[in-house]
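Notebook open, coffee poured. I wanted to see what holds this fold together, and I jotted things down as I went.

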Amino acid sequence: MAELKGLFKLAPAQAIKYFKNKNNALSWDWYEIWQDAHKKSFTVAKVMREDILEDIRYAVDKALSEGKTFQEFQKELKPTLQKKGWWGDEIVVDTKGNAEKVQLGSMHRLKTIYSVNMQTAYQTGRYKTQMDNVDNRPYWEYVAVMDASTRPEHAELNGLIFRYDDPFWNSFYPPNGWRCRCRVNALSSYKLQKKKVKPSSSSGLLSQEDRLVSKKSGEYKPVAVYTDPLTGHKISTDVGWSHNPASGLNEQQ
C-alpha cells in the first residue's frame, strides 16, 4: 500500500470528482456490473443493503479526499461493518432467492475495495490531466512497479511507448486488474529523442479472446489481448478489466 499512500499525499481534484459522480449500485457478483458501467457505478459484491454500501462509499470517499492510508481506512470502516453484520462467513440469500454461504467483510476484501477504488480514481484523474497536455506530451509510456508482486503480463508491458491516441490505451490504460499498481508517464518528443527510442504502434497487434468469468456461472467474456511483435507472446488484461476506466472523461466533465 506504500505506492497508494504516495499517490494521495495531495488528492487530485479530478480523481475526487470522478468518484463523487458515481451512482450506487447493488450487485451480488462482481461481474454483474461489467467494465464500462463501473465508470458510473460504485458497487461492492455481496452488498445487498443500501446503507452498508453507503458506509463503504463514505469511507472510500473520505480516504480519497483526505489521503488516508489503508490502515486508517480499515480502522474506521471495519467496526461499522461488523456492527451491521457484514463481516465473516454468513448464509445470505442471493438475488435469485438462493441461500448461499459467502464471505462478506474481511481484511482481504477491505484491501481490495481500498486499492481498486483509490487506484482507479487516481488513474482516471491522471488520464484527464495527461489528455489536457497532449500537445506538449503526446507519447505515453506504460510503467509497471517491477517487484515480486508484479504480474508477469504487466512486467512485459513495462516501458512500451505509444501515442496517446493509439488504440492500445482503450484497453490497456491502467489499472488492468485487481490491485494493479501500474501507471502511465507522459513524454514529450524531446524526451523520446533523449531516450533514443521510437514509439510503438499497436496496429495489427490487438485482438480479443474469450476467457472464463466465473466457474459458478460458466460464463465467458472477451478480454483484450496485445501480441508482442518481437516474441509473439499474447498479453491480456485481467478478466473484466479490458477497458480504459477514464475514456470519455473529457467529454463528460
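**Entry 1: an unusual loop.** I began with Pro 175, which sits in the loop between helix 7 (168–172) and strand 7 (183–187). The model is a predicted one, and I kept that in mind while looking at the backbone here. Pro 174 and Pro 175 are joined by a cis peptide bond, with omega at about 5 degrees. That caught my eye, as most peptide bonds are trans.

**Entry 2: positive phi values.** Next I looked up residues with a positive phi. Lys 46 is not a glycine, yet its phi is positive, about 75 degrees. I found Lys 46 in the loop between strand 2 and helix 3. Is Lys 46 buried or exposed? Its relative accessible area is 14%, so Lys 46 counts as buried, the limit being under 20%.

Met 146 is another non-glycine with a positive phi, about 65 degrees. Met 146 belongs to the loop between strand 5 (139–143) and helix 6 (152–157). Its relative accessibility is 45%, and Met 146 is therefore classed as partly exposed. I also noted Gly 67, just after helix 3, where phi is positive at about 65 degrees.

**Entry 3: the whole chain.** I stepped back for an overview. The protein has 253 residues, and 48% of them count as buried. I have nine helices and 10 strands in its secondary structure. Taking contacts with a separation of 6 or more, 63% are between residues 24 or more positions apart.

**Entry 4: helix 3.** I then checked the length of helix 3, residues 50–66. Its 17 residues should span 24 Å at 1.5 Å a residue, and the end C-alpha atoms are indeed 24 Å apart, so the two agree. Which residues of helix 3 are buried? I listed Ile 52, Leu 53, Ile 56, Arg 57, Ala 59, Val 60, Asp 61, Ala 63 and Leu 64. Arg 57 and Asp 61 are on that list beside the nonpolar residues. In an α-helix, residues three or four places apart point the same way, because there are 3.6 residues a turn.

What do these buried residues pack against? My note reads helix 2 (13–20), strand 1 (23–24), strand 2 (41–42), helix 4 (70–83) and helix 5 (107–131).

**Entry 5: helix 2 against helix 3.** I took this pair on its own. The axes of helix 2 and helix 3 are 10 Å apart, and the packing angle is about 170 degrees. That is over 145 degrees, so the pair is roughly antiparallel. From helix 2 come Ala 15, Ile 16, Phe 19 and Lys 20, which meet Arg 57, Val 60, Asp 61, Leu 64 and Ser 65 of helix 3. Sorted by class, this contact has five nonpolar, one polar and three charged residues.

**Entry 6: the cores.** Last, I looked up the nonpolar cores. The largest has 29 residues, and Val 44, Ile 56, Phe 73, Leu 81, Trp 86 and Leu 110 have the most contacts inside it. At least two residues each come from helix 2, helix 3, helix 4 and helix 5. Helix 3 gives the largest share, seven residues.

I followed Ile 56 further. Leaving out residues up to four places away in sequence, Ile 56 touches Phe 42, Val 44, Val 47, Leu 77, Leu 81, Trp 86 and Ile 113. There is also a second, separate core of 21 residues, with Phe 172, Cys 180, Ala 224 and Tyr 226 among them.

How values were computed
Residues numbered from 1 in each chain as written. Predicted model: local features only at pLDDT ≥ 70, side-chain atom pairs only at ≥ 80, totals over all residues. Heavy atoms only, no water. Helix = DSSP H or I, 4+ residues; strand = E, 2+ residues; numbered from the N terminus. Expected span 1.5 Å × (residues − 1). Buried < 20%, exposed > 50% of the residue type's maximum accessible area, 1.4 Å probe, protein only. Contact = heavy atoms within 4.5 Å. Axes fitted to C-alpha atoms, helices over the stretch in contact; angles between N-to-C directions. Parallel < 35°, antiparallel > 145°, perpendicular 65-115°, else oblique. Core = buried A, V, L, I, M, F, W, Y, C linked by side-chain atoms within 4.5 Å.
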